[in-house]
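User: I am new to this structure. Please take a close look at the strands of one chain and the parts around them.

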Protein chains: 2
Amino acid sequence: MFSQEILKGTIKPLIIKLINDEGKMYGYQITQKVKELSSQKIVITEGALYPALHKLVDEGILVTESEWIGNRERKYYLLSESGKQTAVVKLEEIKESISMLVQLFDLKPLVYDVK
Amino acid sequence: MFSQEILKGTIKPLIIKLINDEGKMYGYQITQKVKELSSQKIVITEGALYPALHKLVDEGILVTESEWIGNRERKYYLLSESGKQTAVVKLEEIKESISMLVQLFDLKPLVYDVK
DNA sequence: AATTATACATAATAATATTATGTATAATGA
DNA sequence: TCATTATACATAATATTATTATGTATAATT
């Protein structure tokens with residue numbers, strides 16, 4: 001089984017990353033996108049997703065925008081104005097952290113470029 | 001500040017990695033080694049370290065070996081026989097997970113090799 | 001008509017980390 | 001020599017975050 005262990009503490013940065021790339025996303029869409037990007041290996045559960053999204057809203061990083069598709073709500077999350085700057089910082093931080101893990105665990109670079 | 005956020009869930013694999021490399025290590029030594037390897041950026045607190053070590057012992061992955069330096073105990077942790085095999089698996093898992101993070105967060109390979 | 005997918009969310013619980021506290025010896029610097 | 005820092009173990013209270021379970025409801029598919 002794939003170790004989801006390490007993904008702990010990664011959900012918030014991951015959400016920021018995805019919304020930063022896509023412009024706006026809704027909860028269910030995030031779970032599907034992560035599944036897709038990870039070849040079905042990472043499944044974000046609702047109990048982790050929604051509290052994380054709500055926290056990001058509380059922190060002022062994300063704002064919401066509701067859309068009604070027939071009788072069903074679709075709540076989009078997007079970066080607030082200040083959140084756009086926070087995102088840059090947070091993504092820089094998480095990249096540094098991942099690089100640190102690559103270093104600590106002696107991962108060889110996965111892709112070799114030819115000069 | 002460096003984001004320790006992502007390091008959550010990494011302590012146990014990291015301990016296994018270090019002990020696997022060094023043969024045996026004691027608690028304090030682990031904290032110092034991690035500080036050193038991370039250029040002082042990662043500080044493992046005792047409240048995280050000792051419970052993690054004890055858990056690894058409970059799981060049968062590590063065993064201990066006490067040494068007395070004067071009046072002071074030095075408790076070495078090493079891989080048990082079965083732990084050696086578990087270590088291989090766990091380290092493979094964590095590497096896969098880190099690779100996944102590299103992919104998800106679009107990290108460029110840090111080192112370029114020339115053919 | 002039943003099941004699966006879409007879509008939100010919270011509650012109980014478990015796991016794990018942070019911060020604070022506790023005990024004690026050894027070494028170093030003023 | 002006295003105070004501080006480093007070494008070395010550990011636990012307790014608390015906080016954070018995730019898993020699992022539960023809840024509600026519509027839309028699409030078999």
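Analyst: What follows starts with the sheet of chain A, then moves to DNA strand C and to chain B.

The model is predicted. Keep that in mind throughout.

Start with the overall layout. Chain A has an open sheet of three strands, in the order β1-β3-β2, with antiparallel pairing. β1 and β2 of chain A are the edge strands, and each pairs on one side only. Neighbouring strands of this sheet are turned against each other by 35° on average, with direction ignored.

Now take the pairings one by one. Strand β1(A) covers residues 24-26, and strand β3(A) covers residues 72-79. Three bridges join β1(A) to β3(A), and the two run antiparallel. Follow M25(A) across to β3(A): its bridge partner there is Y77(A).

Go to the other edge. Strand β2(A) spans residues 62-69. Eight bridges join β2(A) to β3(A), again in an antiparallel run. Find T64(A) and look across to β3(A). Its bridge partner is Y77(A). Y77(A) is thus a useful landmark: it is the β3(A) partner of M25(A) and of T64(A). As a general point, strands of a sheet pair through backbone hydrogen bonds, either parallel or antiparallel. In a regular strand, side chains alternate between the two faces of the sheet.

Next, the turn. β2(A) and β3(A) form a hairpin, with two residues between them. G70(A) sits in that turn and has a positive phi of about 65°.

Step back along the chain to helix α3(A), residues 46-58. α3(A) has 13 residues. From its first C-alpha to its last it reaches 18 Å, close to the 18 Å expected at 1.5 Å a residue. Just after α3(A) comes G60(A), with a positive phi of about 80°. In general, an α-helix has 3.6 residues a turn, so residues three or four places apart point the same way.

These parts also matter for the view towards the DNA. There are 26 residues around DNA strand C. Those that come nearest are Y26(A), G27(A), G47(A), G47(B) and G70(B). Four elements give two or more residues to this surface: α2, α3 and β3 of chain A, together with α3 of chain B. α3(A) gives the largest share, five residues. By type, the surface near DNA strand C divides into eight nonpolar, ten polar and eight charged residues.

Now look at the strands of chain B. Strand β2(B), residues 62-69, and strand β3(B), residues 72-79, pair in the antiparallel sense over eight bridges. In β3(B), S66(B) has K75(B) as its bridge partner. β2(B) and β3(B) form a hairpin with two residues between them. G70(B) lies in the turn, with a positive phi of about 65°.

Finish with the helices of chain B. The axes of α2(B), residues 27-37, and α3(B) come within 10 Å and cross at roughly 120°. That makes α2(B) oblique to α3(B). Their crossing is right-handed. Then find α1(B), residues 11-22, and α4(B), residues 81-104. Their axes come within 10 Å and cross at roughly 125°. α1(B) and α4(B) are therefore oblique to each other. The crossing of α1(B) and α4(B) is left-handed.

Notes
Residues are numbered from 1 along each chain as its sequence is written. Chains are lettered from A and ligands numbered from 1 in the order in which they are written. This is a predicted model: local features need pLDDT of at least 70, side-chain atom pairs count only at pLDDT 80 or more; totals for chains, interfaces and linings use all residues. Two strands pair if DSSP finds at least two bridges between them. The expected span of a helix is 1.5 Å times one less than its number of residues. A residue is near a molecule or strand if its C-beta atom, placed from the backbone, lies within 6 Å of it. Ala, Val, Leu, Ile, Met, Phe, Trp, Tyr, Cys and Pro count as nonpolar, Asp, Glu, Lys and Arg as charged, and the others, Gly among them, as polar. Axes are lines fitted to C-alpha atoms, for helices over the stretch in contact, and angles run from 0 to 180 degrees between N-to-C directions. Angles under 35 degrees count as roughly parallel, over 145 as roughly antiparallel, 65 to 115 as roughly perpendicular and the rest as oblique. A crossing is left-handed if the near helix is turned anticlockwise from the far one by less than a right angle, and right-handed if clockwise.
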